[in-house]
Amino acid sequence: MIEIRRLLTHVEDIHHEFGPVAAQPLRRGAIAVVLTNPFAGRHEPDILPMMDALNPLGVDMARGLRAAMDVPVERIEAYGKGAIVGSAGELEHGALWHVPGGYAMRELLGWKGDRAAYQRGATGAGVAGGAVGQPGNALAIVPSTKKVGAPGTALDVPLTHINAAYVRSHFDAIEMRVPGAPAADEIVYVLAMSTGPRVHQRVGGLKASEISKWDGLR
Amino acid sequence: MPAQIRKLVVQVDETRLEMNRPVEPPTRRALAMAVIANPCAGRYVENLDELVAIGEELGGLLGRKCVEALGIEPGQAQSYGKAAIVGESGELEHAAAILHPKLGAPLRAAVEKGAALVPSAKKRGGLGTAIDVPLGHKDAAFVRSHFDAMEARVSDAPRASEIVVAVVVTDSGRPLARIGGLQVSEIKGQDGLR
């Protein structure tokens with residue numbers, strides 16, 4: 001069911017944005033795969049088998065992105081994901097990426113939760129009611145965007161802090177597009193990660209150093 | 001003065017299936033881009049030596065980044081190309097100064113040999129402007145299977161006083177190339193053409 005037609009990695013170092021040059025540049029990366037959409041051109045009521053089939057792909061992509069970024073997992077501070085569905089598909093085909101894409105990155109970064117429970121419909125991105133101390137890593141929900149688009153369509157993939165979604169310094173987005181894809185019968189799935197806050201972050205709010213509830217939010 | 005780099009971007013584009021036929025081995029193209037300050041922006045500068053020096057610096061840097069991203073030995077590189085997008089406070093000649101006089105030698109060192117001309121493109125543009133970087137075989141410009149182009153753009157560049165400089169290196173030709181012409185196996189590699 002899962003056939004990779006094409007794979008594109010993107011890694012960027014941001015040294016400054018017309019302010020002081022960062023001592024260590026912010027590194028952001030994204031990986032996109034172009035797949036054949038097995039449901040193109042028709043309404044298929046039962047698409048859930050593909051969600052399971054995407055699990056190994058998610059893991060490979062998360063590892064591949066980490067390798068392309070060439071930093072240890074401990075340096076990944078923010079993440080996001082997204083999908084671009086070709087014109088013979090529907091938005092719901094992009095939604096198949098939520099579980100396999102998100103949990104692949106969370107597990108890579110040290111999340112200790114139960115992916116299967118979430119897939120069955122359990123709620124709670126982090127630890128219910130908070131926790132004492134830090135119960136693991138990658139506690140926060142992985143933000144996402146998706147759209148139906150033409151070849152070369154750009155997707156702004158949101159990025160947020162891996163442990164607390166409200167950390168303001170890490171709200172960011174990275175633009176990803178694959179020239180020539182998706183064709184009508186293709187889907188592009190994207191994962192994105194970054195090593196830190198916006199390069200000149202200075203609008204206050206919750207800081208990463210102030211995370212205290214360990215509930216995935218604050 | 002060395003290049004004032006705001007951003008460095010590296011992409012690898014790998015094609016495994018084309019028209020549902022396997023591409024074996026997959027074609028892989030690496031693109032490295034530097035977003036730099038244009039030291040000559042906003043005024044007419046007669047002598048462009050500063051940009052020529054920046055071109056020399058970036059030819060090596062971006063060439064090595066591409067080879068590194070492909071994870072190959074320099075000698076395994078097959079085709080290459082270069083391009084620049086000048087922000088609106090600059091002129092086309094600034095791109096020419098970066099690309100043409102001195103960028104080639106260090107790029108050739110990064111890919112070993114490189115008897116052929118490095119195909120190029122340039123334009124003036126704004127944020128997110130795309131440029132198609134032309135590609136040709138590094139040792140013989142007439143190799144038909146390696147005529148290609150790779151799209152390059154940076155979503156937030158070039159600002160008016162910036163230049164985006166792009167280098168592409170591949171370890172392959174087009175996926176499923178089958179329109180004849182000079183083949184890689186027939187390269188003499190002496191004159192850069194055949």
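What percentage of the 218 residues in chain A is buried? Buried residues make up 44% of chain A. Keep in mind throughout that this is a predicted model.

**Stop 1: chain A as a whole**

Select chain A and colour by secondary structure. You should find five helices and seven strands. Followed along the sequence, they come in the pattern β-β-α-α-β-α-α-α-β-β-β-β. Turn the C-alpha trace onto its principal axes: the spans are about 50 × 40 × 25 Å. The radius of gyration of chain A is 17 Å, which agrees with the value near 17 Å for a compact globule of 218 residues. Now show the contacts within chain A. Of those between residues at least 6 apart in sequence, 79% join residues at least 24 apart.

**Stop 2: an exposed loop**

Go to the loop between α4 (98-108) and α5 (115-119) of chain A, and pick Asp114(A). Is Asp114(A) buried or exposed? Asp114(A) counts as exposed, because it has 11 C-beta neighbours inside 10 Å and the cut-off for exposed is 12 or fewer. Add Lys146(A), 32 residues away along the chain; the two C-alpha atoms are separated by 25 Å.

**Stop 3: where the chains meet**

Bring chain B into view. Here 16 residues of chain A are in contact with 15 residues of chain B. Select strand β1 (residues 4-14) of chain A, which gives the most to its chain's side of this contact, with eleven residues. By type, the chain A side divides into six nonpolar, four polar and six charged residues.

Next, add strand β1 (residues 5-18) of chain B. The strands β1(A) and β1(B) pair in the antiparallel sense, over nine bridges. For a landmark, label Ile14(A), which stands opposite Lys7(B).

**Stop 4: the nonpolar core**

The largest nonpolar core has 104 residues. Those with the most contacts inside it include Val190(A), Met33(B), Ala84(B) and Val168(B). Helix α1 (residues 49-70) of chain B gives the most to this core, with eight residues.

Centre on Val190(A). Outside its neighbours within four places in sequence, its contacts include Ala30(A), Ala32(A), Lys81(A), Leu155(A) and Met176(A).

**Stop 5: strand β7 of chain B**

Select β7 (162-170) of chain B. How many of the nine residues of β7(B) are buried? Nine of the nine are, so β7(B) is largely enclosed by the rest of the structure. Look at each face in turn. On one side lie Glu162(B), Val164(B), Ala166(B), Val168(B) and Thr170(B); on the other lie Ile163(B), Val165(B), Val167(B) and Val169(B).

Now show the strands that pair with β7(B). Strand β2 (residues 21-37) of chain B runs antiparallel to β7(B) over nine bridges, with Val35(B) partnered by Val164(B). Strand β3(B) is also antiparallel to β7(B), joined by eight bridges. There, Ala83(B) stands opposite Ala166(B).

**Stop 6: helix α3 of chain B**

Finish on helix α3 (residues 104-111) of chain B, and show its buried residues: Gly104(B), Leu107(B), Arg108(B), Ala110(B) and Val111(B). They are on the same side of α3(B), because they cover an arc of only 155° around the axis. What covers them includes α1, β3 (79-86) and β7 of chain B. Step off the end of the helix to Glu112(B), which follows α3(B) and has a positive phi, near 65°.

Note on methods. Residues are numbered from 1 along each chain as its sequence is written. Chains are lettered from A and ligands numbered from 1 in the order in which they are written. This is a predicted model: local features need pLDDT of at least 70, side-chain atom pairs count only at pLDDT 80 or more; totals for chains, interfaces and linings use all residues. A nonpolar core is a set of buried Ala, Val, Leu, Ile, Met, Phe, Trp, Tyr and Cys residues joined through C-beta atoms within 7 Å. A residue is buried if 20 or more other C-beta atoms lie within 10 Å of its own, exposed if 12 or fewer, and partly exposed in between; C-beta atoms are placed from the backbone. Helices (H or I, at least four residues) and strands (E, at least two) are DSSP runs, numbered from the N terminus. Two residues are in contact if their C-beta atoms, placed from the backbone, lie within 7 Å. Ala, Val, Leu, Ile, Met, Phe, Trp, Tyr, Cys and Pro count as nonpolar, Asp, Glu, Lys and Arg as charged, and the others, Gly among them, as polar. Two strands pair if DSSP finds at least two bridges between them. The arc is that of the directions from the helix axis to the C-beta atoms. The radius of gyration is taken over C-alpha atoms; the globule rule is 2.2 Å times the number of residues to the power 0.38.
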